[in-house]
Amino acid sequence: MEDIEDLLVGNGVGGVPSGFRLPLGSVGFNPKQSKNKPNLEKKSHIQASVIPGTQTIYMKTFGCSHNQSDSEYMAGQLAAFGYLLSDNPEEADLWLINTCTVKSPSQSAMDTLLTKGRSSKKPLVVAGCVPQGSRDLKELEGVSIVGVQQIDRVVEVVEETLKGHEVRLLNRKTLPALDLPKVRKNKFVEILPINVGCLGACTYCKTKHARGHLGSYTVDSLVGRVRTVIAEGVKEIWLSSEDTGAYGRDIGVTLPILLNAIVSELPPDGSTMLRIGMTNPPYILEHLKEMADVLRHPCVFSFLHVPVQSGSDAILSAMNREYTVSEFRTVVDTLTELVPGMQIATDIICGFPGETDEDFAQTVSLIQEYRFSQVHISQFYPRPGTPAARMKKVPSAVVKKRSRELTSIFEAFTPYNGMEGRVERIWINEIATDGIHLVGHTKGYVQVLVIAPRSLMGTSAIAKITSIGRWSVFGELIETLNQINDDIPLKEDKLSPAKCSPCSVPGEICACSTEPETCACEVGSVSRKDMLLPEDQNSQILFKWLLRKRKNNRQKRAENEIALGSKKNEEHDRGSANSWDLVDRILLGGILVSIFTIVALILHLGFW
């Protein structure tokens, strides 16, 4: 099956602008054939009557945050065209599967889903890195395909697939626009791809086959997208790519230039935070101090994912990772020293071809030395078409043993031991899987579980850490900041205090409130009063909070009454008050009569 662009050239349809929706006669496809000709004619009649944009689509996404962003863009376009999106595969008219090629298990999960879809007679569309990197896979026969740089044409592919045609869009072209319609999985989180592809040539990596060479979005286009999503109410922006550190090297800019441009657009009160995505060591070594400056900023999480993959230089060389263990240490040590509360996550591949016991021991030593709070440990999986797939493999039993050993060592760490009793600012943007807790993150992106109403989603708060776990900590809310109310539009009025301006001195008290309180724009800072708060004052805090809420509600009601300003309403309110006074007197009299009757009855029974 040729790519659709190749078929278009053969059909004499040239010069079609990117993103243009081609007429049906111009679209190249393979009609599915049937041995029974009468049935084919009947089927074609049914297909011709299908109204595009009225069907239900089931979407399943595998892989990284970049894949998740692609799925959100595809969902947005389908929803904008009228299609319904469903989490229930059984009720869907078509399945759209966005795939990942990093590891064998994720591709096996795709195969299982395709088999289930075929047995359910569902039209299938496959997107993502698997078809882009391995277009001739037997498992992809008979399904439509959307390439990683063709996601802006997903509606065309879905339309034709629902009609029974097989469509393939795999040719690489310009980067998809950032302003396409989007349906976010979490409405408070924007996953923003800053580039596609990378500059590396890791011997085990299949993603390079799919995403290709580095292609960066311009600084202006990314800053424009940041402005848009902040206006839409997004509270966390995740920068995503195959290698964030390599950003801009193809267009003459650097990652720090982009980060500083984005940070300048973030609200100074810290209501929207930036999370920097995964970066490999080689491309940030020359920018470590600039990176530290950005990571210290109050509106940027002090968190970075820097994969090391192995603690052995020999294995890193075999992987073609283009750095040494010493250079990785330089990255970690510099950021940890320059950024207070810095949290670094890393990755390890166990059992890479040629890994000896000594190589593995060096990896274990590195992990034990730094005791990272997050380590993603995986076994080596040979990916077809990669140089590592042709290398001599470590026995699978040894690979599994090493993976279990390293996992056991890592899980014995207690990275959050010192946090109990601390007071932190957290950003609450998720609901925990137990459906009870809300999930917040500290500036170091430590997960904090709190029990609070879901109305606090999309806000930040001051929380006291009450206990710690292996993977997260638990906290109690002290004060809510940047509270959102979706039902009541925000408005300024004379009763509202003036807004805080950004603090010039970290930790100073804001002067815009009648009571001393922490300035919202100084992330992680709390007043002395909050830091010294004892446990037995929690109920007093709650009581004061309820009183403040009650007072605010009274003020809002008073404002509404003033806005109405109707004499008739005033008279009605007075009449209502008088009526209630009379009712109160009647009720009080009834209570007194009841009490008198009960006392008399008791006395009567006592004398009987």
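Two strands count as paired here if DSSP finds at least two bridges between them. With that in hand, let's start at strand β18 of this predicted model. Four bridges join β18 to strand β19 (residues 447-450), and the two run antiparallel. One of the contacts in this ladder can be named: H441 has Q447 in β19 as its bridge partner. Between β18 and β19 lie five residues that complete a hairpin, and in the turn Y445 has a positive phi of about 65°.

On its other pairing, β18 meets strand β17 (residues 423-431), again in the antiparallel sense and over four bridges. Here I428 is matched with G440 in β18. This hairpin has six residues between the strands, and G435 takes a positive phi near 75°. Now look at the faces of β18 (residues 438-441): L438 and G440 are buried on one side, V439 and H441 are buried on the other, and both faces are covered.

Staying with this part of the chain, find G475 in strand β21 (residues 473-481). G475 counts as buried because its relative accessibility is 12%, where the cut-off for buried is under 20%. Setting aside neighbours within four places in sequence, G475 is in contact with V448, L449, V450, K464, I465 and T466. The C-alpha atoms of G475 and V423 are separated by 9.0 Å, although the two residues are 52 residues apart along the chain.

Next, move to an open sheet of six strands, in the order β3-β2-β4-β5-β6-β8, where the pairing is parallel. Its edge strands, each pairing on one side only, are β3 (84-86) and β8 (168-169). Helix α6 (residues 154-162) packs on this sheet and touches β2 (56-61), β4, β5, β6 (144-146) and β8, while its direction makes about 175° with that of β6. Within the sheet, β4 (residues 94-99) and β5 (residues 124-128) share five bridges in the parallel sense, and L96 has V125 as its bridge partner in β5.

L96 also leads us to the interior. The largest nonpolar core has 93 residues, and L96, I237, L274 and L335 are those with the most contacts inside it. Not counting residues up to four places away in sequence, I237 touches E190, L192, V226, V229, I230, L266, T272, M273, L274 and R275.

L335 takes us to helix α12 (residues 325-338), where it is buried along with V325, F328, V331, V332 and T334. The helix has 14 residues and reaches 20 Å from its first C-alpha to its last, close to the 20 Å expected at 1.5 Å a residue. Among the elements covering its buried residues are α10 (288-296), β14 (303-305), α11 (313-319), β15 (343-350) and α13 (357-370).

Between β14 and α11 there is a loop, and Q309 sits in it. Is Q309 buried or exposed? With a relative accessible area of 8%, Q309 is buried. Beyond its neighbours within four places in sequence, Q309 is in contact with Y204, M319, R321, Y323, D347, I348 and I349.

What about the cysteines? A search of the whole structure finds zero disulfides. The sulfur of C202 is 6.0 Å from the closest cysteine sulfur, in C205, so the pair is too far apart for a bond.

Finally, step back to the protein chain as a whole, which comes to 17 helices and 21 strands. Of its 608 residues, 46% are buried. Among contacts with a separation of 6 or more, 72% are between residues 24 or more positions apart.

Note on methods: Residues are numbered from 1 along each chain as its sequence is written. This is a predicted model: local features need pLDDT of at least 70, side-chain atom pairs count only at pLDDT 80 or more; totals for chains, interfaces and linings use all residues. Side-chain values use heavy atoms; hydrogens and water are left out. Contact means heavy atoms within 4.5 Å. Axes are lines fitted to C-alpha atoms, for helices over the stretch in contact, and angles run from 0 to 180 degrees between N-to-C directions. The expected span of a helix is 1.5 Å times one less than its number of residues. Buried means under 20% relative accessible area, exposed over 50%, partly exposed in between (1.4 Å probe, protein chains only). A nonpolar core is a set of buried Ala, Val, Leu, Ile, Met, Phe, Trp, Tyr and Cys residues joined through side-chain atoms within 4.5 Å. A disulfide is a pair of cysteine sulfur atoms within 2.5 Å.
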